[in-house]
Amino acid sequence: MLRSLRVGFALLSMAAVHASAATWVYVSNADSQEISVLALDRDKGSLTPVQTLNVGGTVMPMAVSHDKRVLYAALRSQPFRVVSLSIDAATGKLQKLGEAPLADSMANIDLDASGKWLFAASYQGGKISVNAIGKDGAAGAIQQLVQTAPNAHAVHADASNRFVLATSLGGDNVSSWRFDAEKGLLSANDPPLTMAAAKSGPRHFVWDKAQRHVYLLNELDAALHVYAWDAARGTLKLEQSTTTLPAGFTGKPWAADLHLTPDGRFLYASERTSSTLSAFRVDAATGQLQPLGQTSTEKTPRGFAIDSSGRYLIAAGQESHGVSLYAIDPTTGALGTPSRLGLGKNPNWIEIVDTP
C-alpha cells in the first residue's frame, strides 16, 4: 500500500512538473525598439502575446544564458550597449537586470560554453569583442577588442570552448581563434583564416551537435557550405556546396539565417529577396545536405528559430512586421500551414526558451 502511494505521488509530481513547464518566445523589434514576449503552446500550435518591453534602442541580436535565466539584447543605436534582462520562469516576462557598453554596433552576440563571457561581432566596425559576465548574470565590461577584416557578422565558440570562429562578410573569410576561457582572451589560431569565394559574403554558421561539421551560409550569393570541423586543430575543410535560392531565381541574393533541428536531421535557411525558407535533409553519416525545396514565408525573413522539441519553426519578417509559426513534419521536414501574429516594427531576431 505504502509503495503504491509513493508511486502515485511520484507520478503526480512528474505530471505537475510537466504541466508547469512553459516555452517562451522572444522577438526583437528593431525599429519600435522593443522585445515581444510570446507564449508557445506546443499542444495547440499557437503563439500568445505576453509582454511588450521597450528597451530604448535599436534592438537586434539576442542570446540566452545557459541556465535560461537571462536574456541578452544588443542595441545597435547610440550608445551601443548590451541590455541584460532577467527571465521570470513562471510568466516569461522580462525585467531589466543591467546594461553595459559594447565596442560598436553589433550584428551578433553569443556566450562561450562557460557562460562567463559574451562574444560580439560588429558589421560596421569590422571587429569582434569579449565582454565579461558577472556572477549575477549581467553583462559587464569589455574584456577584449580585436580588429578583423570588414563586416564581421557572426561569432561562436565550439563545444570544447577552446576555439572561436567568426565570419567576415566583407573579407570573404572565416577566422579561427584560440580562446582562453580563464582570462576571456582570444588569440589567432594557426592557420588563422579559411577563405571563401570572392564577394560571397560569409554570414551565419552553426556546428552540428557531434561537432563534426560546420554549416556556413553566405549572404551575397546565398550559397550554403558544409565544412568538416577538425576539433583538435580548430580548422575547416570544405566538403559540399549547395544553394538556398529557389529554382528560376533572378534577383539579387540576400541570404540571412540558418538553423538545425535539435536531432540534426534537418537544416533550414532563410533568403530575404525571395522571402523563402529552404529545407535540407542532413545525412547522418556524412553530414552532407539533400535539398528539399523552399517554403514562402514572412517578407524579408532575417531571423528564425526552431524550438527545443524540433516540432516548430518560427520566422520573423522585417518588412511584414510579424512572425509565422510552422509545424515541422518529423518524417519529411516539410513546414506546415503557418499561423501568423503581427508584432512591432522590423522583427529580426528570435530566441526560444523552455522554463521548468
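## Strand S28 and its partner

Let's start with strand S28, where 8 of the 9 residues are buried. This is a predicted model, so please read every value here as computed from predicted coordinates. S28 covers residues 347-355, and strand S1 (residues 22-29) runs antiparallel to S28, joined to it by 8 bridges. One place to see this pairing is at Asn29, which stands opposite Pro347 of S28.

S28 also takes part in the largest pocket, where its 6 residues make up the largest share of the lining.

## The largest pocket

How much space lies in the largest pocket? The volume comes to about 1,500 Å³. The lining is made of 41 residues, and those closest to the centre of the pocket are Asp110, His156, Val206, His259 and Glu351. By residue class, the lining holds 22 nonpolar, 9 polar and 10 charged residues.

Which strands each supply at least two residues of this lining? Going along the chain, they are S4 (59-64), S8 (108-111), S12 (152-157), S16 (202-207), S20 (255-260), S24 (303-306) and S28 (347-355). Two of these strands come up again below: S16 in an aromatic pair, and S24 at the edge of an open sheet.

## Aromatic pairs

There are 4 aromatic pairs in the structure. One of them joins Phe119 and Phe179 edge-to-face, with 5.1 Å from centre to centre and 75° between the planes. Because Phe119 belongs to strand S9 (residues 117-122) and Phe179 to strand S14 (residues 173-180), this pair ties together parts that are 60 residues apart in sequence. Phe119 is buried, at a relative accessible area of 0%, and Phe179 also counts as buried, at 8% relative accessibility.

Another pair is that of Trp207 and Trp229: the ring centres are 5.3 Å apart and the planes stand at 80°, so the arrangement is edge-to-face. Trp207 lies in S16 and Trp229 in strand S18 (residues 223-230), so here the parts tied together are 22 residues apart in sequence. Are these two tryptophans buried or exposed? Trp207 is buried, with a relative accessible area of 13%, and Trp229 is buried as well, with 6%. Both tryptophans belong to one aromatic cluster, together with Phe163 and Phe205.

## Strands S9, S10 and S11

Strand S9, home of Phe119, leads us to strand S10 (residues 127-133). S10 is largely enclosed by the rest of the structure, because 6 of its 7 residues are buried. S10 pairs with S9 in the antiparallel sense over 6 bridges, and with strand S11 (residues 139-147), again antiparallel, over 6 bridges.

Asn131 is a handy residue for following both pairings. In S10, Asn131 is the bridge partner of Leu118, while the bridge partner of Asn131 in S11 is Ile142. The two hairpins each have a glycine with a positive phi to look at. Between S9 and S10 there are 4 residues, and Gly126 in this hairpin has a positive phi near 60°. Between S10 and S11 there are 5 residues, and in that hairpin Gly137 has a positive phi near 95°.

## The open sheet from S24 to S27

Further along the chain, 4 strands make up an open sheet in the order S24-S25-S26-S27, with antiparallel pairing. Which strands sit at the edges? They are S24 and S27 (339-342), each of which pairs on one side only. From one strand to the next, the twist averages 20°. S24 is also among the strands that each supply at least two residues of the lining of the largest pocket.

Within the sheet, S25 (residues 312-317) and S26 (residues 322-327) are paired antiparallel over 6 bridges. One of the matched positions is Tyr312, whose bridge partner in S26 is Ala327.

## Gly336 and the loop

The loop between S26 and S27 contains Gly336. At 29% relative accessibility, Gly336 counts as partly exposed. For a sense of distance across the model, try Gly336 and Ser86: these residues are 250 residues apart along the chain, and their C-alpha atoms are separated by 33 Å.

Technical notes
Residues are numbered from 1 along each chain as its sequence is written. This is a predicted model: local features need pLDDT of at least 70, side-chain atom pairs count only at pLDDT 80 or more; totals for chains, interfaces and linings use all residues. Side-chain values use heavy atoms; hydrogens and water are left out. On a 1 Å grid over the protein atoms alone, a cavity is a set of points where a 1.4 Å probe fits but cannot get out, and a pocket is an open set with protein on both sides within 12 Å along at least five of seven lines; lining residues have an atom within 4 Å of a point. Grid points are joined across faces, edges and corners, and a volume is the space filled by probe spheres set on the points. Ala, Val, Leu, Ile, Met, Phe, Trp, Tyr, Cys and Pro count as nonpolar, Asp, Glu, Lys and Arg as charged, and the others, Gly among them, as polar. Buried means under 20% relative accessible area, exposed over 50%, partly exposed in between (1.4 Å probe, protein chains only). Two strands pair if DSSP finds at least two bridges between them. Rings of Phe, Tyr and Trp (its six-membered ring) pair if their centres lie within 6.5 Å; planes under 30 degrees apart count as stacked, over 60 as edge-to-face and the rest as tilted. Axes are lines fitted to C-alpha atoms, for helices over the stretch in contact, and angles run from 0 to 180 degrees between N-to-C directions.
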